[in-house]
Amino acid sequence: MLNRLIDSALDNRWLVWLGLVCLIVAGVRALAGLPIDAFPDLTNNQVVITTECPAMGPAEVEAQVTFPIETVVMGLPKTLEIRSVSKLGLSMVSVVFDDGVETYFARQVLNERLQSVRDRLPAGIEPQLGPVATAFGEIYQYTVEGPLPAMDLKTLHEWHIKNQLRTVPGVNDVNTWGGETRQYHIEVDPAALLRYGVPLKDLFDRIQGNNENCGGYIERGPEQFIVRGLGRVRNAADLERIVVMARQGTPVLLRDVARVHAGPMPRYGAVTRDGKGEVVSGMAIMLKGENGKEVIERVKKRIAAFQLPEGVQVRPFYDQSAVIDATIRTVTVNLVEGGLLVVVVLVLFLGNLKAALIVVAVIPVSMLAGFTGMQWFGVSANLMSLGAIDFGMIVDGAVVMMENTMRRLHEGGEDPNARIRSAAHEVARPILFGVAIIIAVYFPIFLLEGLEGRMFRPMAVTVCSALLGSLFLALFVVPAAAQAALARGFKERGEHWFESLRMHYQSVLGVLFRVRMLVVATALAVLVVAVVSLSRIGTEFMPRLDEGSILVETRKLPGISLTESVAISNGIEKVLTGFPEIAGIVTKIGRPDFATEAMGIHQGDVYVLLKPYDQWKRFHTKAELIEAMDKALAGIPGVAYNFTQPMAMRLDEVVSGVKADLAIKIFGEDPVRLEALGEDTLRVLNAVPGAADVQMELVTGVPELTIDADRSVLARYGLNIADVRTVLDMTVGGAKVSEVVEGQRRVDVVMRTPDRMREDAEALRSLVLSAPGGETVRLGDVARIRRTSGPNEIVRENGQRRIVVQANVRGRDLGGFAEEVRRRVASQVKLPPGYSIDYGGQFENQERATRRLMLVIPVTGAIIAAILYATFHSVRQALLILLNVPFALVGGVAALWLRGLNLNLSASIGFIALFGVAVLNGIVAVSAINRLREEGMDLREAILNGAGHRLRPVLMTALVASFGFAPMALSVSTGAEVQRPLATVVIGGLLSSTLLTLFLLPLVYPWFTPNRIAKG
């Protein structure tokens, strides 16, 4: 069947050229539309429900908002996890769905469930779904700076810059951080209210009722007139003139009982830059699934077109396109360098420029097939989808086809076209099954789940698509091109160097036959050593991608004021500006206006902008700089630090809910008991070698003023809890009454008490309540006010409260560190009944990936064995070729040891890719020996001649695959950290498997041959 297809292609070459043109056109079209990213989007499929809860403490938020929402979303189909955070004035519930659930369907289902919970929430509380975006969607961040007051800068950003950027195609939302949001404050004078006898509620209603328009229309003859009754407040003066009441014909205006002025809204966050004070920050959030690089370019163009007030500027401090450009540059350089090395090998071994060019042409056309597959499966061009492509692996089938064609042409004899046809027939089956095995070994990668699946499935899609294209080219296009370019005027060229190499190889092989048992025993001993050493090599999930910047997470003591937090952050920035390697620093404190994350004001993200590495003076690596920064910042008391990177931090936070390599999660209900267990665990973790940035979530210890109203005393005055709540709402945060429309802007009108009445507990005790009978009652007379300590935040996971103790790992592998931590925690931390411990962070990803690989690798072996049996119809010969798999492991493990690399997911995928190439070489060699035996040649002679005939293709496939990966293994640019382990494993494994194919496989062939009588 296969030979008939090849004959048909050679007899109708125009069909081959037509298919080739169609493949090229489809690939070019796919390439033009491919989105470009730095990394595949690794975030899980989640929707965040954010609920603003003004003036509610963490305990009230949990009980009245978070728990009802959690309850109603539990049990949704294909839900993997539910996490929640309850903080002062904020509830965030993250619902993680299976990756197969469509985003908008998940949001629709959640919206339907939220409809049923709204009547169970406090009045005025409205849950909202977060942006249709992922953690990698925070693509561009900037500060707005200039000579304007902070409130005016914030207004400029909110109503001009933000609205303009929201119209950029691909931008889902723009969030604001820091600055002062303008409001109209009505500061009520309690004494004046008492003097005029105006209850707070009446004042509230009067303001609301005096800020509305009215109207309709009237008809007069043939015309219709619109009637507009203008009653909306336009400014502070209009507010001041609102009539509160009239006494004996004299109106009492709002200005008689309150002071009206513009002031800032209470803040939950701030932004500072370069130690010079506060600024306003904005963040463009990309719509999920958009082309990151294109969206960033559109945002930059829109910003450049802004007409801003004199002196005001938009200064970026985080631009994800820098990471995208750096990683794509790394991929491009590695692919170009690898391609050039492959070309050199092809020209050297084929000895014919035309033949080499035909094989080289397979590379770009196969890549176009890969681009087509990427478009079909929605894969973007990024470090993983393109960075793991090996041109040598792609041309393996074409190399075998062209090498056999050249060999047959050199032999002379019959018509050149017939020789080319005969050469294609000889190797078509080995090529088909060999490339099929390489493709098949990538299929189990599609079985990976979670973060590792999202990371490596794009690579599998690209490689499998490119290999399918290369298989078509090798079987049909290469023979047709060889007939067109080589059949006429082919000149035989002497290859004395290779013939000499072949003769020496066959001589060495003949000598090894005489000491076969010793060679086999040595090989087995090396294999045992490799397997044992593999169990001792360090492990980790994935090497960290160097984003070219540093993010320092800072944690101060809970309960700190925003003013003090800003002051400490300015001090941190001043310390860091002393490093000449740092180009700038931006600190984001607390949370943004729309809470896309739930940081408290005691937390801050310090973006450290680095100069190019060639401008560094004192340090050679980023790790050295981090160590120096850590020592310098240790002089600031009361602050804990965690060193990471922007994208890595957001990924860790969104995927696992923590921001560290290892997180110890302790589950239980009593926050006091949880904190005690956390402190015990913290002591254990601090004592483990390699632990860095060790921290514990502080869930308690925030100072509170508890106001416990006495209902019986209130009843004596005819008062209710609602009266107390009204006074407290105005006093603590201010109660929104209405809004003023100023052109396109909306400014809230808030009723509140003067600052002096909110300073401490005594000021609260002196607050006055007006009783229905006209009496005035101090709050301290009807309620007990005391200082207590309350929760900072309440974190829940799958319905249980939890506390986290976390650490990063420096100076050792994550796997070994985590195992030691587990042993120590199990022996030193005693858990009471109802409490449990789980481990998360990067370690959680590593464990899940390891468990999955334990299933994937046997599946890979089974697929290879099945294809081998289909190829040779012999169990023994299938087992013979499978010997390449463990011996490929030998070189891969040795390469990891020599380069000091840990066994991680990238290296594991390298082993999977390696097994396919190793088996292909075995198929080529065994097929040649089998063919000579079928022709009647003696067993030993067939082995020596078959191995000699296949020396060239075996060396070529091994060298082109190794050289194709060499630039990735040696690169030190951005993104190389992820590629390096994979490339190192493939190169080392190909070295050992090639030695096996050339020497050990021929030696043991007689033991696995169907006819063992002719042995020896």
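Start by selecting arginine 618, which is partly exposed with a relative accessible area of 47%, where partly exposed covers the range between buried, under 20% relative accessible area, and exposed, over 50%, with a 1.4 Å probe and protein chains only. The model in the viewer is predicted, so local features need pLDDT of at least 70 and side-chain atom pairs count only at pLDDT 80 or more, whereas totals for chains, interfaces and linings use all residues. Residues are numbered from 1 along each chain as its sequence is written, and side-chain values use heavy atoms, with hydrogens and water left out.

**Salt bridges**

Add glutamate 581 to the selection: arginine 618 forms a salt bridge with this residue, and the closest N and O atoms are 3.9 Å apart, a salt bridge being a side-chain nitrogen of Lys or Arg within 4 Å of a carboxyl oxygen of Asp or Glu. Arginine 618 lies in the loop between strand 18 and helix 21 (622–633), while glutamate 581 lies in the loop between helix 20 (562–576) and strand 17 (582–590), so the pair ties together parts that are 37 residues apart in sequence. These element numbers count from the N terminus along DSSP runs, with helices being H or I of at least four residues and strands being E of at least two. Glutamate 581 is buried, with a relative accessible area of 0%.

Next select arginine 810 and aspartate 693, whose side chains meet in a salt bridge at 2.9 Å, N to O. Arginine 810 sits in the loop between strand 29 (800–809) and helix 28 (814–828), and aspartate 693 in strand 21 (residues 691–696), so this pair ties together parts that are 117 residues apart in sequence. Arginine 810 counts as partly exposed at 25% relative accessibility, and aspartate 693 is buried at 10% relative accessible area. Then select Glu62, Glu70, Arg796 and Arg801, which are joined into one network by salt bridges that share partners. By this rule the count comes to 40 salt bridges.

**From a salt bridge to strand 3**

Another pair to select is arginine 454 with aspartate 99, which form a salt bridge with the closest N and O atoms 2.8 Å apart. Arginine 454 belongs to helix 17 and aspartate 99 to the loop between strand 3 and helix 4 (103–117), so the pair ties together parts that are 355 residues apart in sequence. Arginine 454 counts as buried at 12% relative accessibility, whereas aspartate 99 is partly exposed at 35% relative accessible area.

From aspartate 99, move to strand 3 (residues 90–97), where 8 of the 8 residues are buried, so this strand is largely enclosed by the rest of the structure. Leu90, Met92, Ser94 and Val96 point one way from strand 3, and Ser91, Val93, Val95 and Phe97 point the other way. Strand 1 (residues 45–52) runs antiparallel to strand 3 and is joined to it by 8 bridges, two strands being paired if DSSP finds at least two bridges between them. Threonine 50 has methionine 92 in strand 3 as its bridge partner. Strand 2 (residues 79–87) also pairs with strand 3 in the antiparallel sense, over 8 bridges, and serine 86 has serine 91 in strand 3 as its bridge partner. Strand 2 and strand 3 form a hairpin with 2 residues between them, and glycine 89 in the turn has a positive phi of about 75 degrees.

**Helix 16 against helix 17**

Return to helix 17 (residues 450–486) and add helix 16 (residues 416–442): their axes come within 9 Å and cross at roughly 175 degrees. That makes helix 16 roughly antiparallel to helix 17, a term for angles over 145 degrees. The contact, meaning heavy atoms within 4.5 Å, includes Ile431 and Val435 of helix 16 and Leu467 and Leu471 of helix 17. The residues of this contact divide into 20 nonpolar, 2 polar and 1 charged.

**Strand 16 and its partners**

Finish at strand 16 (residues 549–555), which is mostly covered, with 6 of its 7 residues buried. This strand is joined by 7 bridges to strand 18 (residues 603–610), running antiparallel, and by 5 bridges to strand 19 (residues 640–644), also antiparallel. Arginine 555 is the residue to select here, with glutamine 603 as its bridge partner in strand 18 and alanine 640 as its bridge partner in strand 19.

Definitions and conventions:
Axes fitted to C-alpha atoms, helices over the stretch in contact; angles between N-to-C directions. Parallel < 35°, antiparallel > 145°, perpendicular 65-115°, else oblique. Nonpolar A, V, L, I, M, F, W, Y, C, P; charged D, E, K, R; others polar.
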